[in-house]
Amino acid sequence: MIRVRFAPSPTGYLHIGGLRTALYNYLFARKNNGAFLLRIEDTDRERFVEGATESLLHIFPRVGLNYDEGPKLIDGKLEQAGNVGPYIQSLRLNLYKTHVMELIEKGHAYYCFCSSDELASQRKEQEMLKLPTKYNRHCLKLTKEEIARKLELNEPHVIRMQVPEGESSFNDVVRGKITINHAEVDDQILLKSDGFPTYHLANVVDDHLMNITHVIRAEEWISSTPKHVLLYQMFGWNAPEFAHLPLLLNSDRSKLSKRQGDVATEDYLEKGYLPEALINFVALMGHNPKGDQELYTLNELVELFDLTKVNPSGAVVNFEKLDWMNAQHMKRKTANELADLCQPFLDRAGKSVDRSVLERVLKVEVERMTTLADIVDRVEMYIAQPEYDAQLLVWKKADEADAKAQLTGVQSIMEALQDTTKEGIEATIKAHIEQNGLSNGNVLWPLRVALSGQSQSPGPFELAEALGKEEVLRRIAVAIAKLS
C-alpha cells in the first residue's frame, strides 16, 4: 500500500512551498488509493514556536487536505489518529535513543565530545586551507576506556554517524539516478547533546516504522538523501522511493523565502483567497496536468496527478496568476455560497448588510472582485447614499435640465414597474428610450450615476436589481433634488 507523509516543523506558519509539498503527497496518495500521514517534526527545540503545531493542525481542514493518520485537534484536545504513532517526534525520543545505540553497537556511529569552540576552530582551519568543512573525526580515535570515562563524568557529547568510503546512489522519481561521493558527506550528528535527534536520524527511523513507501519533499533535501540512504543500509532496512520537488522562485529566480513578503498559507486565506484557488495555484508550480487548462478542482487534480511528470526545474511564483485564479473560482460560486464566505470580512469591518441585499450585490460585484475581502469596499455604495457632485449626472453635451428630465421619466417607470429583475428593468427602460426617440447615454448615464455616485461602476440595470426598487427610487429622488 502506498504510504506518504508530510512532515513539517512547527517553526511558524505553513509556507506555500510547504503547502505544495503537502498537496503533492496528498494527490499521490489519493491517486493510488494510499494513505496520507501528517507527522510533526519538532526536535529542533531552538526553532520551536509555541502554538505552531496547533496552527498547522487547523490549516489542513481549511484547505481541504484531510490526512488519514497523524495528530488531530478534537474538541480542542490533541489526539493521535493511526496505529503507528505517536506522530509528534518529541513524543518518540526513546525510539531514537534505542536506534542510535544500535548503530554504535554495529560500529556505524560514535560518541563525539568536541566543544563548539573546538568545532569552530576546526572549521576555521579548513576554510583557511580551502578544504571541505566537515568534522575531522578527532573523537573516532578515542578508546573505549576514554569514552567510558567521559560518559561517567557526564561530559557533554553528541553521537555522529560514521560515513564509510565510497559513494551512494538513489533513484529520484523526479530527477532520475543521483550519485554522491561519500567524501562530500560529513559525519552527521544523529543525536544532539540535549538528547533530541537531528532531522536525519528521526526522519529515517520514523519513515521506516511508519511504513512510508515514498518520500516526496523539497529539492533542498537532495544533499541530505545520501546520509539517509546510508542510515537505511546501516539499519538493514529497505529505503523508500524518493522524489524531490523543484524550488519555488521569485520573478528574479531567487529562492522564495519568508523574508521576501507574505508567503504563509494563512496570510492568503486571511486576505480572502479561496482554499481551492490556493490549491489550484500551488498544484501548477511544477506539474501541468493539461496544457490547455488552468482551472482545476481538487478531484480533477487527484485524477490527473502523475509524480513522474513533475518538472525538476525551479517554478517561478506568479502571484498575479493567483489573483486571476481566485477571481475565476469565486465566479464559480453561487451568490449564497459567496455570501457565507464574505460575511466574516464584513463582520470584521463592522459593516452590517441585509443578507438578501448582500446576495444581490455579489451577483453584480463578483465580476469585479479579486478576493473575498474586496466585498468590504465594493458593498459601500449599496449600503450608504453616495456623495457626488450634481454635474457628474450630466451626459456629455447635455445639460442639467436634460439629466433631470430623463431621471424624472425613469422615476415614473420604476414606480409602476412590477418586474424588478435586471432583465425586467432593462427591457422596460430600453423600450422607453426607443419609443421616445431618446439617446441611451442621455438616459442611462444619469441613472447609473444616481445609483452609484461614480463615473465608473456596474451598469444601471445590475445596480437597480441589487439595490431594490425602494432604494432605486430614493436615490433617483436624491439625484433630481441635486439637479434642482
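**Group meeting: a pocket, three helix pairs and two backbone details**

The residues lining the largest pocket of this model divide into 17 nonpolar, 13 polar and 15 charged. I should say at once that the model is predicted.

Let me stay with that pocket. The space in the largest pocket comes to about 1300 Å³. Its lining has 45 residues, and those closest to the centre are Ser-9, Thr-11, Arg-47, Glu-220 and Trp-221. Which elements give two or more residues to the lining? They are strand S1, residues 3-6, helix H1, residues 16-31, and strand S10, residues 214-218. H1 gives the largest share, five residues.

Now to the helix packing. Two packed helices are described by the angle between their axes and the distance between the axes. I have three pairs to show.

The first pair on my list is helix H9, residues 275-283, with helix H11, residues 319-331. Their axes are 9 Å apart, and the angle is about 135°. H9 and H11 are therefore oblique to each other, since the angle falls outside the ranges for roughly parallel, roughly perpendicular and roughly antiparallel, the last of which takes angles over 145 degrees. The crossing of H9 past H11 is right-handed. On the H9 side, the residues in the contact are Glu-276, Ala-277, Leu-278, Asn-280 and Phe-281. On the H11 side they are Phe-319, Lys-321, Leu-322, Met-325, Asn-326 and His-329. By class, that contact has six nonpolar, three polar and two charged residues.

The other two pairs share helix H16, residues 400-416. One partner is helix H18, residues 440-452. The axes of H16 and H18 come within 9 Å and cross at roughly 80°, which makes the two helices roughly perpendicular. H16 brings Asp-402, Ala-403, Gln-406, Leu-407 and Val-410 to this contact. From H18 come Asn-442, Val-443, Pro-446, Leu-447 and Ala-450. The contact of H16 with H18 divides into seven nonpolar, two polar and one charged residues.

The other partner of H16 is helix H20, residues 469-483. Here the axes are 10 Å apart and the angle is about 160°. H16 is therefore roughly antiparallel to H20. This crossing is left-handed. Among the H16 residues that meet H20 are Ala-403, Leu-407, Val-410 and Met-414. The H20 residues they face include Val-472, Leu-473, Ile-476 and Ile-480. Charged residues such as Glu-400 and Lys-404 in H16, and Lys-469 in H20, also belong to this contact. In full, the contact of H16 with H20 has 12 nonpolar, two polar and four charged residues. Ala-403, Leu-407 and Val-410 of H16 appear in the contact with H18 as well as in the contact with H20.

Last, the backbone. Most residues other than glycine have a negative phi, and most peptide bonds are trans. Two places depart from that.

Where is the cis bond? The peptide bond that runs from Gly-85 to Pro-86 is cis, with omega near 0°. Pro-86 sits in the loop between strand S4, residues 77-81, and helix H3, residues 93-105.

The other place is Asp-75, which has a positive phi of about 55° although it is not a glycine. Asp-75 lies in the loop between strand S3, residues 70-74, and S4.

Definitions and conventions: Residues are numbered from 1 along each chain as its sequence is written. This is a predicted model: local features need pLDDT of at least 70, side-chain atom pairs count only at pLDDT 80 or more; totals for chains, interfaces and linings use all residues. Side-chain values use heavy atoms; hydrogens and water are left out. On a 1 Å grid over the protein atoms alone, a cavity is a set of points where a 1.4 Å probe fits but cannot get out, and a pocket is an open set with protein on both sides within 12 Å along at least five of seven lines; lining residues have an atom within 4 Å of a point. Grid points are joined across faces, edges and corners, and a volume is the space filled by probe spheres set on the points. Helices (H or I, at least four residues) and strands (E, at least two) are DSSP runs, numbered from the N terminus. Axes are lines fitted to C-alpha atoms, for helices over the stretch in contact, and angles run from 0 to 180 degrees between N-to-C directions. Angles under 35 degrees count as roughly parallel, over 145 as roughly antiparallel, 65 to 115 as roughly perpendicular and the rest as oblique. A crossing is left-handed if the near helix is turned anticlockwise from the far one by less than a right angle, and right-handed if clockwise. Contact means heavy atoms within 4.5 Å.
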